[in-house]
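Biologist: Hi! I'm new to this one, could you put it on the screen and walk me through it?
Modeller: Sure, here it is.
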Amino acid sequence: MLRNNKVKITGVFVILAFTLFSFVGPTERYFEIAKNLDIFATLFKEVNAYYVDEVDPDKMIRVGIDAMLESLDPYTNYIPEDEIESFRTMTTGQYAGIGALIGTINSKTIITMPYEGYAAYNAGLRIGDELLEIDGKDVTGKDVSAISTLLKGQARTELQLKVRRYGHEEPLTFAFKREKITVTNVPFYGMVSNDIGYVKLEDFTSDAGKEVAKAVEELKEKGATKIILDLRNNPGGLLSEAVNVSNVFIPKNKEVVSTKGKVTEWNKVYRTLNNPVDTEIPLVVLTNGGSASAAEIVSGVIQDYDRGILIGGKTYGKGLVQTTRPLTYNAQLKVTTAKYYIPSGRCIQSLDYTHRDEDGKVHKIADSLKMEFKTANGRPVYDGGGLDPDLEIAPEYYAPITVSLISKGLIFNYATGYAYDKGSIPPAVEFKLSDTEYNAFKQWLDDKDYDYTTKVEQDLVKLEESAKKEKYFEDIQNQLHELQQKVKHNKEQDLEKFREEIKQVLEEEIASRFYLQKGSIEASFDSDGDVQKAIELLSNTSNYNKLLSTK
């Protein structure tokens, strides 16, 4: 597996000692380990007995454990008994609850996305509903994580929610039962052109391979002769599912990944076990800096076997494997046990946690230490820093005004009101805001606060401060003032200058009100540079083949 309170102190010592002794080679280390454990135990007893204020033993030990593991890498974590369920949810995609995402919009806890077909959606809860009470308990102002805990529980247990909804003066009450929720790994698949299918893979929990296989098979039935697999912002998950997803596109019994660590008997080569769905269909995989772990294994396999083209941005660079080990008192340890290597032989781990600065900082592996490897067709690829796409697309960033409208919840709130007032819209892929509707949005913003400062304005402030400190301000004062006036933003002008960008964000948000997550994804295709480049490449067989064969 590739991802990510109470405990008795003696239990921690026993398991820690057992784990360390199990792997110690030289005899000298036995004494060092025993000595340090003894020092830790006696230190804790002294602090507990004589510190001026009362201390919480559980909290102190947890801080100590977390700090110790943090000195190794971010993926080695202690999981106490009361966090086991959350950990299982991350790795399996299953939990018992209402089946909806919640978030904070302007200090209010809001339903941000109900899962279609599950309890919350079936009961009538919709995006934009503000949570007021859960089983009679006031939850206004409470932390989202605390509210999420209240919403979860045993399947088939009843709960009652009181919400405030747009257009309703009085709160609405919904009573229904929690149920087992399985979050899909593939939230959307569909056609982006007459012959190109698109699959969005968001996670690598159980059955990810089956979901991708099903999506590809159905897209082929709809006429897809080329496929786009979107792994952007996919944080990874189960190593076994990375193998299964790769198996959709590469033959049976092909090497996908090998793992190498301290415990040599755990080292293993993982190969595909099943017959593939299609080993010939032209394939583009979309990646970015959020593509990590299992997502990088799949991307690396596709690249190393020259099975398809990677388009987008450089991947995250997580080449470490975690294993879960049981501890006493029902706790668990998620510990990094190996590095993984994709078929070309490279490990794409970016940060070197073994060698830290004196101050503990971790750095990326130096370019001079990176090694060259070859794909099946002889194309050069490199280790030590994530996967480089075959076609790199520069990331696009929102303008400051767009960021402000999103962060202040104005896009979200307007979309909610628009949906209730409008009632219906065309299919998400066809939906477009008219100029009249955009002007109505601008008018709606008249009494709203969405002030912001551009990066250029911030830099000019710093320049002025530096000029004053170094006594150059009088020399450049006039020029600096002229420059400040030129770049001083005007919200009304920016609403026009970035009209198309803001309209696009609005369209995606509004589409989600009618078609949920699928609608938001479909509405984004026209403005998605990576998707458009993939369509362009897949529509040009000559360029596609040339990229796969170029050395």
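Biologist: Let's start with Gly308, where is it found?
Modeller: Gly308 is in the loop between helix H9 (294-304) and S16. Helices (H or I, at least four residues) and strands (E, at least two) are DSSP runs, numbered from the N terminus. One thing to know early: this is a predicted model, where local features need pLDDT of at least 70 and side-chain atom pairs count only at pLDDT 80 or more, while totals for chains, interfaces and linings use all residues. Residues are numbered from 1 along each chain as its sequence is written, and side-chain values use heavy atoms, with hydrogens and water left out.

Biologist: Is Gly308 buried or exposed?
Modeller: Gly308 is buried, as its relative accessible area is 0%. Buried means under 20% relative accessible area, exposed over 50%, and partly exposed in between (1.4 Å probe, protein chains only).

Biologist: What is Gly308 in contact with?
Modeller: Leaving aside neighbours within four places in sequence, Gly308 is in contact with Leu283, Ile302, Arg379, Asp390, Tyr544 and Leu548. Contact means heavy atoms within 4.5 Å.

Biologist: Arg379 caught my eye, which side chain does Arg379 meet in a salt bridge?
Modeller: Asp306, at 2.7 Å from N to O. That pair links distant parts of the chain, with Arg379 in the loop between strand S21 (372-374) and strand S22 (380-382) and Asp306 in the loop between H9 and S16, 73 residues apart. Arg379 and Asp306 are both buried. A salt bridge here is a side-chain nitrogen of Lys or Arg within 4 Å of a carboxyl oxygen of Asp or Glu.

Biologist: How many salt bridges does the count come to by this rule?
Modeller: The count comes to 31. Another of them joins Asp278 and Lys220, whose closest N and O atoms are 2.7 Å apart. Asp278 sits in the loop between S14 and S15 and Lys220 in helix H7 (residues 208-221), so this pair ties together parts 58 residues apart in sequence. Asp278 counts as buried at 14% relative accessibility, whereas Lys220 is partly exposed at 33%.

Biologist: What about Lys162 and Glu133?
Modeller: Their side chains meet in a salt bridge too, 3.8 Å from N to O. Lys162 belongs to strand S7 (residues 158-164) and Glu133 to strand S5 (residues 130-134), so parts 29 residues apart in sequence are tied together. Lys162 is partly exposed at 28% relative accessibility, and Glu133 is partly exposed with 26%.

Biologist: Which residues are linked in a network of salt bridges?
Modeller: Asp435, Lys442, Glu492, Glu496, Arg499 and Lys503.

Biologist: New topic, sheets! In what order do the six strands of the open sheet come?
Modeller: They run S10-S11-S12-S15-S16-S23, with mixed pairing. Strand S10 (188-191) and strand S23 (391-392) are at the edges with a single partner strand each, so one side of each has no neighbour in the sheet. For pairing, DSSP has to find at least two bridges between two strands.

Biologist: How do S12 and S15 run?
Modeller: Strand S12 (residues 226-230) and strand S15 (residues 283-287) are parallel, joined by four bridges. Ile228 stands opposite Val284 in S15.

Biologist: Which helix lies across these strands?
Modeller: Helix H17 (residues 529-538) lies across strand S11 (196-200), S12, S15, strand S16 (309-312) and S23, at about 160° to S15. Axes are lines fitted to C-alpha atoms, for helices over the stretch in contact, and angles run from 0 to 180 degrees between N-to-C directions.

Biologist: And what do S13 and S14 form?
Modeller: A hairpin, with six residues between them. Strand S13 (residues 255-261) and strand S14 (residues 268-271) pair in the antiparallel sense over four bridges, and Thr259 stands opposite Lys268 in S14.

Biologist: Last one, what is special about the phi of Ser107?
Modeller: Ser107 has a positive phi of about 65°, although it is not a glycine. Most residues other than glycine have a negative phi. Ser107 is in the loop between strand S3 (100-105) and S4, and counts as exposed at 65% relative accessibility. Asp207 also has a positive phi, about 75°, and is found in the loop between S11 and H7.
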